[in-house]
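Me: I would like to work through this structure with a few short questions. Please show it first.

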Amino acid sequence: MKLLFITLLLSIFSIVSIRAQDFEYGRITGNDVDLKNTSLDSNANAMVIREFGTASIQFDNATGKTFIVFDYHARIKLFNKQGFDHGNIVIPLNIYRDGEDELKELKATTINFVNGQLIKTELDKKKVFTEKKNKYVSLTKFTMPNLMEGSIIEYSYKVNLPSIFNFKTWEFQSDIPKLHSEYIAYIPAIYNYNTSLRGAQKLTKQDAKINKDCLSIAGTKIDCSKMTYIMTNVPALVEEDYMTAPTNFRSAIYYELSDYVMLNGGRKSITKTWKDVDYELTSDKSFGAQMKRKDVFKDIMPGILGKETDDLNKAKAIYAYIGKNIKMNGIIGFYSENNIKTALEKHSGNTGDINLALIAALSAANLDAEAVILSTRANGVVNNLYPVISDFNYVVAKVNIGDNSYLLDATQPLLPFGLLPLHCINGNGRVINLKKPSYWFDLKASQKESTKYILDAELTTEGKLKGKLTTYSLGYSALKKRQRIVAANSADEYVEKLDEQMPGISILKHSIENIDSLDYPLIEKYEIEMKVFDNLNADQSYFNPFFIDRISKNPFNLNERTYPVDMGAASEERITMMIKLPANISVVDKPKDMSIGLSDNGGKYLASTAMQDNSFIFNQMLQFNKPIYSSDDYLSLKEFYSRIIQSQKTDVVFKKTK
């Protein structure tokens with residue numbers, strides 16, 4: 001965001017050097033050398049001994065520009081070779097329309113304690129390189145030299161940030177534990193920032209003082225608030241399955257400029273209302289103007305719709321057309337990169353091009369279409385208290401037909417109508433309408449992830465299991481399989497890879513139905529053969545019936561999890577087996593029937609076995625009824641999986657009869 005008025009406001013500011021109490025660079029103590037991971041986390045491969053940072057607003061008289069100066073200093077102990085990854089340092093630098101972050105005064109040292117002596121190895125600046133991640137971010141990278149088990153690495157740098165709208169964020173928590181993390185923010189009294197502390201960890205110390213005369217305006221001294229934040233013994237934020245962006249849960253402090261004092265003594269508000277944002281977006285040539293481009297589809301709409309008169313079928317035809325005719329170029333964004341007409345002509349565009357084109361096309365067919373801007377799961381949650389446009393990075397279409405609303409994303413042609421990709425299921429989205437005020441809309445999966453397996457087989461006297469395995473997949477389960485089929489170039493190659501991934505099972509014949517019929521279940525039919533008996537002459541043989549999607553690893557291994565378990569969608573998996581046994585084979589032992597559930601109807605697991613007319617019958621169901629489980633449910637989920645894993649280790653025992 002351009003804040004030209006800030007530059008004008010500070011055109012007579014002078015730079016005042018601000019120094020905080022940093023720890024001395026390169027001065028290693030015996031405690032640093034002797035530090036063990038058991039002091040905080042016995043599983044840690046590395047640990048931050050101490051980190052310190054300051055941020056202050058300054059003005060350069062020579063250039064006439066306002067900027068934030070950020071100083072960072074860290075000392076880290078690497079306990080073992082697995083910790084060497086933390087010797088690969090990456091410093092992200094933002095790129096703006098009118099400038100970019102500037103890295104200065106970088107230094108880095110590796111310190112080893114060898115034969116009673118401290119040996120310091122300085123970083124060769126020639127081995128520092130820059131990589132452009134995308135058009136908004138570049139990465140400065142380097143690897144610390146001379147790494148050994150027990151190395152202490154230390155580095156510091158300064159960054160000048162041209163944008164003061166977002167004061168520098170400080171992350172107290174990372175993927176390794178920290179003994180001491182300290183941040184000092186100097187904020188001039190003329191600025192008012194919205195400040196928020198996120199994450200489950202609490203500050204050890206927070207202190208506010210007045211820093212006199214931090215800035216001067218035309219000879220008038222301006223004070224700063226010196227805000228000191230300290231967090232000690234900070235545990236690592238361990239990423240596990242079923243979590244959204246780690247930034248949602250990492251303990252950190254965030255700022256956003258709310259208002260500032262003008263030269264005439266008045267106060268100017270920066271924080272926008274949604275009314276302001278609505279006008280900005282609907283009038284933007286890369287957003288609202290593209291939603292209005294019904295003219296792009298005027299001539300081709302009859303060909304798209306054919307003889308369809310039903311609104312739902314019209315919407316489905318348009319959705320299918322956009323998905324087939326504009327392929328995603330790999331760039332994510334909620335603004336159109338060029339314009340939807342160009343994207344349609346070139347058959348390529350970013351996510352904004354595709355879904356804004358979808359909205360325009362739906363509107364051209366006289367359907368009630370709106371835009372929904374959102375933040376993807378990897379991008380983090382949006383701020384619901386006040387509008388922050390930079391929080392959003394994606395747009396989808398919302399079409400209202402009768403009493404129903406359908407959320408559509410045409411960037412993935414294999415998505416059935418009305419189902420958003422899982423990466424879009426992330427809290428709330430903001431609906432942008434060209435004529436009405438915007439509003440929040442809950443982003444939920446319209447279908448659960450559903451899979452059903454049916455095995456009808458016979459156990460031969462040769463000890464082989466032969467039969468037909470039929471799989472029915474719906475929702476995200478079907479999407480994933482269709483994506484794998486497309487990636488394999490053909491159904492035959494998909495089955496070949498599937499056969500290779502199941503060494504104990506041979507696929508003799510196959511057929512797959514509804515690959516392109518996205519509104520119907522994906523049906524896979526296989527003739528399979530697998531060996532059950534290792535020793536045909538043994539009195540007893542063992543067979544584990546949990547060979548389909550067996551759970552061998554618990555996805556939850558923490559003693560405590562401070563963030564929710566977000567599966568994105570409810571799910572259900574059912575398995576039914578009917579195995580006809582030879583006349584001389586009987587079952588003498590089998591897994592115990594199990595029925596366990598989660599509280600508040602959160603889910604359940606059922607498993608049962610029975611004998612019927614010389615056939616072994618096995619049924620299993622795993623069901624999760626909620627897309628999101630709170631951190632309070634974590635230990636219950638962990639125990640739930642643990643009991644399932646233990647149960648699935650049990651075999652069926654077959655015995656030969658004479």
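**His180, two cores and a hairpin**

Reply: His180 has its place in strand β11, residues 178-188. The model is a predicted one.

Me: Is His180 buried or exposed?
Reply: The relative accessibility of His180 is 13%. Buried means under 20%. His180 is below that cut-off, so His180 counts as buried.

Me: Which residue has a side chain in polar contact with that of His180?
Reply: Leaving aside neighbours within four places in sequence, His180 is in contact with residues including Val48, Arg50, Glu51 and Thr232. The polar contact asked for, at 3.1 Å, joins the side chain of His180 to that of Glu182.

Me: Which helix gives the largest share of the largest nonpolar core?
Reply: This core has 59 residues, and Phe287, Phe297, Ile318, Ile322, Leu358 and Leu362 touch the most other members. The largest share, 8 residues, comes from helix α8 (residues 351-364).

Me: How many residues are in the other core, which lies apart from the largest one?
Reply: Phe249, Val532, Phe624 and Tyr641 are among the members of this other core. Its count of residues is 56.

Me: Which residue in the turn between β20 and β21 has a positive phi?
Reply: Strands β20 (residues 394-401) and β21 (residues 404-408) run antiparallel and are joined by 5 bridges. Val399 stands opposite Tyr406 in β21. The two strands form a hairpin with 2 residues between them. The turn residue with a positive phi, of about 60 degrees, is Gly402.

Methods
Residues numbered from 1 in each chain as written. Predicted model: local features only at pLDDT ≥ 70, side-chain atom pairs only at ≥ 80, totals over all residues. Heavy atoms only, no water. Helix = DSSP H or I, 4+ residues; strand = E, 2+ residues; numbered from the N terminus. Buried < 20%, exposed > 50% of the residue type's maximum accessible area, 1.4 Å probe, protein only. Polar contact = N/O pair within 3.5 Å; in protein donor to acceptor, adjacent residues only side chain to side chain. Contact = heavy atoms within 4.5 Å. Core = buried A, V, L, I, M, F, W, Y, C linked by side-chain atoms within 4.5 Å. Pairing = 2+ DSSP bridges.
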